[in-house]
Amino acid sequence: MTRPGKPRRTATRLVEAGRRNEWTGAVVNPPVWRASTHLYADSTDLAEGRPNADGHFYYGRRGSPTQWALAEALTELEPGAYGTLLYPSGVAAIAGALLGVLKTGDALLMTDNAYEPSRAMARNLLAPLGIETRFFDPLDIDAFAQAFCDRTAAVLLESPGSLTMEVCDVPAFAAIAREKGALSLLDNTWASPLGFQALRHGCDAAIMSLTKHVGGHSDLMMGSVAAGEELYGRLRAKAQSLGQVTAPDDAALATRGLRTLGLRLERSTSSALEVAEFLSQRSEIAYVLCPMLPGAPRHELWQRDFTGGCGLFSFVLKGRSVAARARLIDALELFGIGYSWGGYESLVIPFDPARVRSATAWPPQGWDSADRLGVRLSIGLEDPQDLIADLERGLAAMGDE
Ligand SMILES: *Cc1c(COP(=O)(O)O)cnc(C)c1O
């Protein structure tokens, strides 16, 4: 459902994408169409109802202009996409993509630093269906190539990876997957299409939690999958069978968020860099895991492939205890303690990846084993100097043990 001849530059697209006169009339932002039922004019109209065409009223489960406008806007922002499906959460989008491409007897390769609920799907959703999941090290391309078997039908990538922020050579991994006859699905929530063009870099599907950057205001849950024509059709059929539908109110909020996505990402990226630079100078911190920061692990790969960043990064404490980390976090006044990220407000959360790894070690080889406790920051739209002052206070409260 892309329209030809539209402006090319991202900032302009963010403003006008999905705004169709025939859907919303003279209104700038699509109104909230709360509708289960569409009334047909007469029997002829009913007979011509185009029950399964995108962008035509049929029944509420197929959406309304509010959801179509958002889906179309997301498609226009993802070069190479034919269409975008909306799901009630990011997790539902990942599950929808996996169920859309895998069947009993297939095998899935999943990156070892995947978002934890994605890992849980291997156990709770895929294994009972007779789908085997193998985890791979996102930094070891040879081991990845060897992990394929003749049943491998799909690969789930995430870059930078959740919590530990490893940038993976997505184009190389996707090329190997293609060569082996498997589809590559990328959880692109961190970068969004503004920071990383998933389909252009060889992936078959770009998955996002719209809860994060696109919503941007910590007040909605939604997910999306963008894909080329053939895969879009398959995923759409599966989503319809599962009865996946998003609320028009949330879709309207997500579309509103999309309009300022570029500005918010620019600001949170530059603030995150300032904060990351500050942290990298501190003796209490062993590693700053922020691929946007010059000198950080995998920065060169990030620079090669990415056109933008965001406010989410992590750091690892130098040899401190769990209690010390809690003192740091509890002393912060501007960082809310909470899951999620990508909102206008800054957040902090502790993490311990050792619990959830199976194909890689934590701490990684070559690190001091005492340097293992992680803290993740989501940098919002506050003044970065205030955030730095807050972190200075937290580090002072943490102490040496
Ligand atoms: C939050 C998140 C998700 C899941 O999104 P929800 O909307 O919370 O279900 C998926 N992937 C990543 C990387 C996330 O951070």
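Two strands count as paired if DSSP finds at least two bridges between them. Keep that rule in mind as you explore this predicted model.

**Stop 1: a bridge between two strands**

Select I337 and V348: V348, in β11, is the bridge partner of I337. Now widen the selection to strand β10 and to strand β11, residues 347-351; two bridges join these strands, which run parallel.

**Stop 2: the five-stranded sheet**

Add the other strands of this sheet. Following the order, you pass β8, β9, β12, β11 and β10, in an open sheet with mixed pairing. Why is one side of β8 (285-289) and of β10 (336-337) left without a neighbour in the sheet? Both stand at the edges, so each has a single partner strand.

Next, show helix α12, residues 261-280. This helix lies across β8, β9 (312-317) and β12 (374-378), and it runs at about 10° to β9. Then show helix α14, residues 322-331, which packs on the sheet and touches β9, β10, β11 and β12. The direction of α14 makes about 170° with that of β11.

**Stop 3: the seven-stranded sheet**

Now move to another open sheet, again with mixed pairing: its seven strands come in the order β1-β7-β6-β5-β4-β2-β3. At its edges are β1 (83-87) and β3, each pairing on one side only. On average, neighbouring strands here are turned by 20° against each other, ignoring direction.

Pick out β6 (residues 205-209) and β7 (residues 223-227): five bridges join these antiparallel strands. Within them, I207 stands opposite V225.

Two helices are worth adding. Helix α4, residues 65-77, packs on the sheet by touching β1, β6 and β7, with its direction at about 130° to that of β1. Helix α10, residues 229-241, touches β1, β5 (183-187), β6 and β7, and its direction makes about 25° with that of β1.

**Stop 4: where two domains meet**

Colour residues 10-259 as domain 1 and residues 261-398 as domain 2, following the domain assignment. Their centres, taken over C-alpha atoms, are 27 Å apart. How many residues of each domain are in contact with the other? The count is 40 in domain 1 and 36 in domain 2.

Together the domains bury about 3200 Å², 60% of it on carbon and sulfur atoms. Select L163, V167 and W190: more than any other three residues, they supply the area that domain 1 buries against domain 2, with a share of 22%.

For a last look, find R357 and E166. They form a salt bridge, with their closest N and O atoms 3.7 Å apart. Across the whole interface of domain 1 and domain 2, there are three salt bridges.

Conventions: Residues are numbered from 1 along each chain as its sequence is written. This is a predicted model: local features need pLDDT of at least 70, side-chain atom pairs count only at pLDDT 80 or more; totals for chains, interfaces and linings use all residues. Side-chain values use heavy atoms; hydrogens and water are left out. Helices (H or I, at least four residues) and strands (E, at least two) are DSSP runs, numbered from the N terminus. Contact means heavy atoms within 4.5 Å. Axes are lines fitted to C-alpha atoms, for helices over the stretch in contact, and angles run from 0 to 180 degrees between N-to-C directions. Domain bounds come from an automatic or database domain assignment. Buried area is the accessible area (1.4 Å probe) that two parts lose on being put together, summed over both. A salt bridge is a side-chain nitrogen of Lys or Arg within 4 Å of a carboxyl oxygen of Asp or Glu.
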